Amino acid sequence: MKPDLFEAPDYYNLDELLTDEHKLVRDAAREWVKRDVSPIIEEYAQKAEFPKQIIGGLAEIGAFGPYIPMEYGGAGLDQISYGLIMQEIERGDSGVRSTASVQSSLVMYPIWKYGNEAQRNKYLPKLASGEWIGSFGLTEPDHGSNPGGMTTNFKDMGDHYLLNGAKMWISNAPFCEIAVVWAKNEEGRIHGLIVERGMEGFSTPETHNKWSLRASATGELIFDNVKIPKENLLPNKSGLGAPLGCLDSARYGIAWGAIGAAMDCYDTALRYSKERMQFGKPIGQFQLQQKKLAEMITEITKAQLLAWRLGVMRENGTATSAQISMAKRNNVDMAINIAREARQMLGGMGITGEYSIMRHSMNLESVITYEGTHDIHLLITGLDVTGLNAFK
Ligand code: TGC
Ligand code: FAD
């Protein structure tokens, strides 16, 4: 793979909206990605393996629980810093950002928000340091966009719960130490349970043959009469709103992360357009190529503004779930379109692993599907503006 020469576009001087702390956090993550991710990521994507050696670095840049209080081992940062870290990591690879998103927003967040003090103290510091990696089990083979239909269930056996069912498409599953699993009790109410590796009847087979997110490990979570200690139930929130609340946090991070992937594609195509000569000129001198680049930087700038404003609203507690859906949907769509255009600008070279664009393009096919598909987020916006529910 070519050396990482990335220079971040900032067409509207958005750095002026950031504090010194935001810039420090972002620059540290950017440097780490250049040093520890870019040189190895293509090889790991090619061999379809998560590079476990970067887990310590992810913890050091604050990617595991950026906004979780420091008393639990988190970085104690604000929502903009969290977004900027996700942007920088996904600039390197969406699969690496996936690992950080799941750990922070889908595992640490529910333990922090819905767990008790004993659970916070037991799990959060080890998750923040990367000693333990977690996964989040919501999707099932027959229930993806409609998680409320889940059939995974647990029964109260007096001194423990008995968990049965299966989750599919679970990031980090093959090597997770713990899983936050959503299951129905005997009354059909959804609760979160912490399942630990080693519990009898719990297995995590890996999903193979993915063309997308190849540097992220995906798998199943299978529960065959797993005995769950009662203290592993998250006590402070139940119902579908509990997992959906975690998704709000992760979707917000993805809205930033997708900008990173788009910036990397744009920056690569811009540099290539000045170097690649055809018909005696750099291809960047042709109007058709300039149109592509001009549209890319316009869309990136709009996405940056959307994410920044959403971050301000997340920080002051006023962002709605529907506003998060809009940003996730818009920014991932923006990134996937830019990846496609940038790939074309590199001609044949664009399909090789010499450049990051094709990998981003394939990764974004997962990002546009997980955490709520492109169409589901459109329907959430539709419901919000009309008051009419297309899901019922
Ligand atoms: P609905 O009746 O609308 O809502 C049920 C309850 O949930 C509340 N709620 C929310 N609460 C918090 N945050 C949100 N975003 C919420 N959205 C809804 C709602 O108020 C209600 O509460 P209550 O108290 O009245 O019961 O639910 P529905 O069954 O009609 O479904 C709505 C729908 C389709 C929007 C929702 O289920 C959905 O978002 N589906 C998409 C599923 C999804 O996003 N799955 C993601 C799985 S995790 C994943 O992909 C991780 S990838 C990670 C990586 O690698 O980066
Ligand atoms: P389906 O729900 O079957 O949807 C199929 C198509 O139908 C989609 O285009 C969808 O938009 C459309 N559709 C569905 N309902 C409607 C409707 N009402 N109106 C119009 N169109 C509709 N899940 C987890 O729980 N944890 C994870 O860590 C996780 N990681 C993932 C990692 C990867 C790489 C991938 C690919 C997925 C991951 N997922 C995870 C699952 C992901 O959230 C689901 O794939 C996603 O929610 C869609 O569910 P589905 O694949 O079952 O598609």
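Me: In which helix do Lys-291 and Glu-295 both lie?
Reply: Happy to start there, with the reminder that this is a predicted model. Lys-291 and Glu-295 form a salt bridge, with their closest N and O atoms 3.1 Å apart. The two are four residues apart, about one turn of the helix, and that helix, residues 287-315, is H7.

Me: Is Lys-291 buried, partly exposed or exposed?
Reply: The class in between buried and exposed runs from 20% to 50% relative accessible area. Lys-291 has a relative accessible area of 47%, and its partner Glu-295 has 41%. Lys-291 is therefore partly exposed.

Me: Which residue forms a salt bridge with Lys-302?
Reply: Let's stay in helix H7, where the partner is three residues away, about one helical turn. The closest N and O atoms of this pair are 2.9 Å apart. Lys-302 is partly exposed at 46%, and the partner is partly exposed too, at 30% relative accessibility. That partner is Glu-299.

Me: How many residues apart in sequence are the parts that Lys-122 and Glu-196 tie together?
Reply: These two residues form a salt bridge, with the closest N and O atoms 3.2 Å apart. Lys-122 lies in helix H5 (residues 117-129) and Glu-196 in strand S5 (residues 190-196), so the pair ties together parts whose separation in sequence is 74 residues.

Me: How many salt bridges does a search of the whole structure find?
Reply: The pairs above are examples, including Lys-122 with Glu-196 and Lys-302 with Glu-299. A search of the whole structure gives a total of 18.

Me: Which residue has a side-chain N or O atom 2.8 Å from an oxygen atom of ligand 1?
Reply: Good candidates are the residues that come nearest among the 26 around ligand 1: Ser-171, Asp-248, Arg-251, Glu-371 and Gly-372. Gly-372 uses a polar backbone atom, 2.9 Å from a ligand oxygen. For the side chain of Lys-392, the distance to a ligand oxygen is 3.0 Å. The side chain at 2.8 Å belongs to Ser-171.

Me: How much of the area that ligand 1 exposes when taken alone does the protein bury?
Reply: The space taken by ligand 1 is the largest pocket. Taken alone, the ligand exposes 1,100 Å², and the share of this that the protein buries is 71%.

Me: Which helix gives the largest share of the shell around ligand 1?
Reply: The elements that give two or more residues to this shell are helix H4 (94-114) and helix H6 (241-275). The largest share is six residues, and they come from H6.

Notes. Residues are numbered from 1 along each chain as its sequence is written. Chains are lettered from A and ligands numbered from 1 in the order in which they are written. This is a predicted model: local features need pLDDT of at least 70, side-chain atom pairs count only at pLDDT 80 or more; totals for chains, interfaces and linings use all residues. Side-chain values use heavy atoms; hydrogens and water are left out. A salt bridge is a side-chain nitrogen of Lys or Arg within 4 Å of a carboxyl oxygen of Asp or Glu. Buried means under 20% relative accessible area, exposed over 50%, partly exposed in between (1.4 Å probe, protein chains only). A residue is near a molecule or strand if one of its heavy atoms lies within 4 Å of it. A polar contact is a pair of N or O atoms within 3.5 Å; within protein, one must be able to donate a hydrogen and the other to accept it, and residues adjacent in sequence count only if both atoms are side-chain atoms. Accessible areas come from the Shrake-Rupley method with a 1.4 Å probe; for residues, only the protein chains shown count as cover. On a 1 Å grid over the protein atoms alone, a cavity is a set of points where a 1.4 Å probe fits but cannot get out, and a pocket is an open set with protein on both sides within 12 Å along at least five of seven lines; lining residues have an atom within 4 Å of a point. A molecule sits in a cavity or pocket if more than half of its atoms lie within 2 Å of its grid points.
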